[in-house]
Amino acid sequence: MSIDYDRLEPIPQRDEPYHIVVTAAHHDDIEFGVAGSVARWIRDEGATVTYVIITDGGAGSNDPDMTREALVELRRAEQDEAAARVGVSDVRYLGYPDGCLQATLDLRRDITRIIRETKAYRVVCQDPTTYFVHASYINHPDHRAAGEATVYAAFPSAETRPIFPELLAEGYEPHKIGELYLNLTQAPTHYHDISCAIELKMAALGAHASQIGAGEDYENGAKKWVMQSNRDGGKMVGVDYAEYFRVLKFDAERKSWYEEEMERRQRAAALK
Ligand SMILES: [Zn+2]
């Protein structure tokens with residue numbers, strides 16, 4: 001599957017205050033993937049953000065001297081710091097076993113609860129349809145499971161009263177989200193120019209020292225690789241650094257898909 005980069009639109013700026021829930025399978029997924037966008041949404045648009053880290057991160061080391069318990073604690077501290085560096089203070093840890101995640105109803109309920117509680121306008125998650133990335137990466141099954149559970153929490157679970165009646169009993173009323181953003185996607189519709197936030201993104205990524213090292217190791221390893229990847233993404237759409245999303249919108253006036261496609265082509269032509 002090849003991506004037609006000329007068809008991608010820039011993510012529009014949002015003027016009203018809003019809340020975002022970002023879910024990810026692992027500690028550091030957000031920093032590798034979407035922290036540049038998160039930084040811009042907070043700084044440029046005043047958005048408030050909740051991170052939901054689904055697994056406990058306990059599989060993130062092959063060091064025989066590292067215990068799972070110590071690693072789980074260390075990775076939480078690193079994730080809290082990474083979040084703080086882009087301005088996120090609300091980080092939820094769901095504690096599912098790292099490396100064996102499945103999109104169960106329990107997980108869907110846990111995410112539904114957070115979407116209802118925070119009344120998120122935008123939900124950001126990993127695209128569950130991504131099996132392979134470029135020519136060298138098999139997408140981690142935890143990423144796909146996290147994405148699937150989040151997509152179905154966003155719809156239909158969050159907005160449908162009879163689903164998960166136990167959440168009503170806990171006081172969480174149904175809530176309809178406005179937008180779903182999928183990252184790690186092979187079918188992007190939008191790009192986000194993160195040039196002004198690339199340093200913040202790298203600062204956040206650098207908090208995960210147990211995973212990507214520190215100092216020279218970080219500078220010449222993960223930092224170089226992620227910057228290169230975002231620079232490549234930027235080149236494809238004519239900006240310095242970019243992140244990509246497949247965007248679904250639920251709050252727009254519903255039109256026929258033909259009408260939407262014609263409008264999209266007009267906007268794309270106007271940008272050229
Ligand atoms: Zn991951």
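The questions and answers below concern helix packing, the nonpolar core and selected loop residues in a predicted model.

User: How are helices H4 and H5 oriented to each other?
Analyst: H4 spans residues 105–118 and H5 spans residues 141–157; their axes lie 8 Å apart at an angle of about 60°. H4 passes H5 in a right-handed crossing. An angle of about 60° falls outside the classes for roughly parallel (under 35 degrees), roughly perpendicular (65 to 115) and roughly antiparallel (over 145). The two helices are therefore oblique.

User: How many nonpolar residues does the contact of H4 with H5 have?
Analyst: On the H4 side the contact is made by Leu107, Arg108, Ile111, Thr112 and Ile115, and on the H5 side by Ala149, Thr150, Tyr152, Ala153, Ala154 and Ser157. Of these residues, 1 is charged and 3 are polar. The number of nonpolar residues is 7.

User: Which residue follows the cis peptide bond that starts at Phe155?
Analyst: The bond has omega near 5°. The residue after it is found in helix H5. That residue is Pro156.

User: Which helix gives the most to the largest nonpolar core?
Analyst: This core has 58 residues, and those with the most contacts inside it are Val22, Val38, Ile54 and Ile115. The greatest share comes from a helix that gives 6 residues. Ile115 also belongs to the contact between H4 and H5. The helix that gives the most is H5.

User: Which residue of the 49–52 stretch, besides Val49 and Val52, does Val22 touch?
Analyst: Contacts up to four places away in sequence are left out here. Val22 then touches Ile30, Val34, Val38 and Val124, and also Val49 and Val52. The remaining contact is Tyr51.

User: Which residue just after H2 takes a positive phi?
Analyst: H2 covers residues 35–45, and its buried residues are Ala35, Gly36, Ser37, Val38, Ala39, Arg40 and Trp41. Just after this helix, phi is about 70° at one residue. That residue is Gly46.

User: How is H3 oriented to H7?
Analyst: H3 (residues 68–86) and H7 (residues 198–205) have axes 8 Å apart and pack at an angle of about 165°. The cut-off for roughly antiparallel is an angle over 145 degrees. H3 is therefore placed, relative to H7, as roughly antiparallel.

User: How many charged residues are in the contact of H3 with H7?
Analyst: H3 passes H7 in a right-handed crossing. Ala82, Arg85 and Val86 of H3 make the contact with Leu200, Ala203 and Ala204 of H7. This set holds 5 nonpolar residues and no polar ones. The number of charged residues is 1.

User: How far apart are the axes of H7 and H10?
Analyst: H10 covers residues 222–237, and H7 passes H10 in a right-handed crossing. Ile198, Met202 and Leu205 in H7 meet Ala222, Lys223, Val226, Met227 and Asn230 in H10. These residues divide into 6 nonpolar, 1 polar and 1 charged. The packing angle is about 145°, and the axes are separated by 10 Å.

User: Is His27 buried or exposed?
Analyst: His27 is in the loop between strand S2 (19–24) and helix H1 (29–33). Beyond four places in sequence, His27 touches Ile53, Gly57, Arg75, Glu78, Gln79 and His208. With 32 other C-beta atoms within 10 Å, and a threshold of 20 or more, His27 is buried.

User: His134 and Leu184 each have a positive phi of about 50°; which of them is buried?
Analyst: Neither His134 nor Leu184 is a glycine. His134 is in the loop between strand S6 (132–133) and strand S7 (137–138), and is exposed because 7 other C-beta atoms lie within 10 Å. The loop between strand S8 (179–183) and strand S9 (190–193) holds the other residue. With 25 C-beta neighbours inside 10 Å, the buried one is Leu184.

User: What is the exposure class of Phe250?
Analyst: Phe250 is in the loop between strand S10 (242–249) and helix H11 (257–271). Apart from neighbours within four places in sequence, Phe250 is in contact with Lys176, Ile177, Gly178 and Glu179. Because Phe250 has 13 C-beta neighbours inside 10 Å, the class is partly exposed.

How values were computed. Residues are numbered from 1 along each chain as its sequence is written. This is a predicted model: local features need pLDDT of at least 70, side-chain atom pairs count only at pLDDT 80 or more; totals for chains, interfaces and linings use all residues. Axes are lines fitted to C-alpha atoms, for helices over the stretch in contact, and angles run from 0 to 180 degrees between N-to-C directions. Helices (H or I, at least four residues) and strands (E, at least two) are DSSP runs, numbered from the N terminus. A crossing is left-handed if the near helix is turned anticlockwise from the far one by less than a right angle, and right-handed if clockwise. Two residues are in contact if their C-beta atoms, placed from the backbone, lie within 7 Å. Ala, Val, Leu, Ile, Met, Phe, Trp, Tyr, Cys and Pro count as nonpolar, Asp, Glu, Lys and Arg as charged, and the others, Gly among them, as polar. A nonpolar core is a set of buried Ala, Val, Leu, Ile, Met, Phe, Trp, Tyr and Cys residues joined through C-beta atoms within 7 Å. A residue is buried if 20 or more other C-beta atoms lie within 10 Å of its own, exposed if 12 or fewer, and partly exposed in between; C-beta atoms are placed from the backbone.
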